[in-house]
Amino acid sequence: MKKGFIPFFVCLTVLCLTACGKTEATSEKNAKPQVSTSAENSAKEPEKTSDDPKEVILTEATDDFFAGQKESLRKDFLDWFEKTYGTETLQSMVDNGVLDDPSVWTNSTGRTIKTLFWDYHQAADDRFYKENKVKEIETKSSDKADFLFSGDLTLAENTATTVLMDKNPNSLSQCFDQRLMSTMRDADFFTINNEFCYASDTTGKRLSGKAFCFRADPKRAKLLTRIGADLVSLANNHVYDFGKDAFLSTISTLKKNDVPYIGAGKNLTEAKKAYYTIANGRTVAIIAGTQIERSMNYTKAATADSPGVLKCLNPKEYVDAIKTAKKNADEVIAICHWGTEGTNYYGADQTTLAEKFVKAGADAIVGGHTHTLQAVEYLDKVPVFYSLGNFYFSSTMNMPRAYDTGLARITIDRNGKVTEKFIPCHFSGGKTSQLKKDSSGYDQIINDMNSWSKSAVIEKNGVIKRK
């Protein structure tokens, strides 16, 4: 082997060892700054979030947290909320970390987010609050509110029941027994169906061709509050019996006597409005519409620029009204004047409407018009009183034969749980009485109602449950 000659395989070995050593050295050398960089990153302060709880809520809270309230109002609402309840309350809501649950508002204030928005509108004295009817009611229990509903009632002139009532004009004792009077007056909120118009005998003209037309002297409106009524529904087929002028007289008479009404108005906008109540921190909306008349057009439907009732034979307007009410209220109770007179069995037309009302957001439905009791059913857990029948009603000077009737009581607790009850009553000889549980008449009504129902059962105490 020549001196200085290095075999090829030795060179290759040296190169490999040198390269490997260099690679390892380079890796070690490069690893140091990587470790250093990682340590530096971990030592950095986390990205700072806003110290303002309002900004956190506006940025991070979901639409569900605001219960669907308009984004355009949220900032002003939070400013008002902070002034009213304090920064600490807002901060505690943020610290809670649950910004997709509207119950956080209730837990912090005792009022739901929808009720708080009503409070905000009232404090701002803005147009929205002024254009809608809302009233906070005092309930007998801080845990629940009882909403009572009756069937058809008339105080019309030249009817047997009104003639009897006038025999003792300073008392209603001959019209309702004391037990029933107490139930009506003691309810947290009582709604009746006002099945007639208020107008003088020189106001308006009886509709030609209509078999029964009912008109009461405006002075009789004061009797509504004497029996405990807090609200009346005008969505029926007799409020327009004496034409436009008498209809408008009805509205002005009720306003004069401080009796709120729903289901009718000077135009469609007014007729579609719900009546909002606040009870134990929750907002409850009551709204009314009428399917009747189905084949005639005696009773005029309200339009954009003319007075009338809210009709729902075509339910679009009423369904829209229920959806609007649901946006502004925690629970919605829908009243409907519907069905076929004289039968205890509800029809497919009623069920079809009820399904649409439930889908739109109704939490309970109360029906009337048939002049007879009909079943209570459940649609997607929503109770439907298909008809409460006549409550205090006669159509001629002949006293009606005895009939069964009753009241619907819908109870809403502080958490929004809805329960329902039926209170059996009986009309005889011009007087409506609340029946006692141990009476044969009481049991008969309960048994009849249960025999007509497919999905609900009324228990002995009147409480209604799913079968």
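How much area does the chain expose, and what share of it do carbon and sulfur atoms supply? In this predicted model, the exposed area is about 22600 Å², of which carbon and sulfur atoms supply 50%. The chain has 467 residues, and 51% of them are buried. Its secondary structure consists of 15 helices and 21 strands. Among contacts with a separation of 6 or more, 69% are between residues 24 or more positions apart.

The largest nonpolar core has 71 residues. The members that touch the most others are Phe147, Phe149, Trp338, Phe357, Ile365 and Phe422. Apart from this core lies another, of 42 residues, which includes Phe176, Phe190, Ala216 and Leu254. In soluble globular proteins, nonpolar side chains tend to be buried together. Beyond the residues up to four places away in sequence, Phe149 touches a set that includes Phe190, Thr191, Ile286, Ile333 and Ile335. Val366, Leu388, Gly406, Leu407, Ala408 and Ile410 are also among the residues touched by Phe149.

Strand 2 spans residues 144-153, and nine of its ten residues are buried. Strand 2 is paired with strand 17 in the antiparallel sense through six bridges, and Lys144 has Asp413 of strand 17 as its bridge partner. With strand 3 (residues 189-194), strand 2 forms five bridges in the parallel sense. One of the residue pairs here is Phe149 with Thr191 of strand 3. A further parallel pairing, over two bridges, links strand 2 to strand 16 (residues 390-392); Leu153 stands opposite Tyr392 of strand 16.

Strand 14 (376-379) is among the elements packed against the buried residues of helix 15. Both faces of strand 14 are covered, with Val376 and Tyr378 buried on one side and Glu377 and Leu379 buried on the other. Strand 14 pairs with strand 15 (residues 382-385) over four bridges in the antiparallel sense, and Val376 lies opposite Phe385 of strand 15. The two strands, 14 and 15, form a hairpin with two residues between them. In the turn, Asp380 has a positive phi of about 50°.

Helix 15 (residues 440-452) contains 13 residues, for which a rise of 1.5 Å a residue predicts a span of 18 Å. Its end C-alpha atoms are 19 Å apart, in agreement with that value. The buried residues of helix 15 are Tyr442, Ile445, Ile446, Met449, Asn450 and Trp452. Viewed down the helix axis, the buried residues of helix 15 fall within an arc of 165° and therefore line one face. An α-helix has 3.6 residues a turn, so residues three or four places apart point the same way. The face of helix 15 turned away from the buried side carries the exposed residues Ser440 and Ser451. Besides strand 14, the buried residues of helix 15 pack against strand 17 (403-413), strand 18 (418-428) and strand 20 (456-458).

Ser249 is located in helix 11, which covers residues 243-256. Is Ser249 buried or exposed? Ser249 counts as buried because its relative accessibility is 13%, and the cut-off for burial is under 20%. When neighbours within four places in sequence are left aside, Ser249 is in contact with Tyr198, Ala199 and Thr203.

Definitions and conventions:
Residues numbered from 1 in each chain as written. Predicted model: local features only at pLDDT ≥ 70, side-chain atom pairs only at ≥ 80, totals over all residues. Heavy atoms only, no water. Buried < 20%, exposed > 50% of the residue type's maximum accessible area, 1.4 Å probe, protein only. Contact = heavy atoms within 4.5 Å. Expected span 1.5 Å × (residues − 1). Arc of directions from axis to C-beta. Pairing = 2+ DSSP bridges. Areas by Shrake-Rupley, 256 points an atom, 1.4 Å probe, with all protein chains shown as cover. Core = buried A, V, L, I, M, F, W, Y, C linked by side-chain atoms within 4.5 Å.
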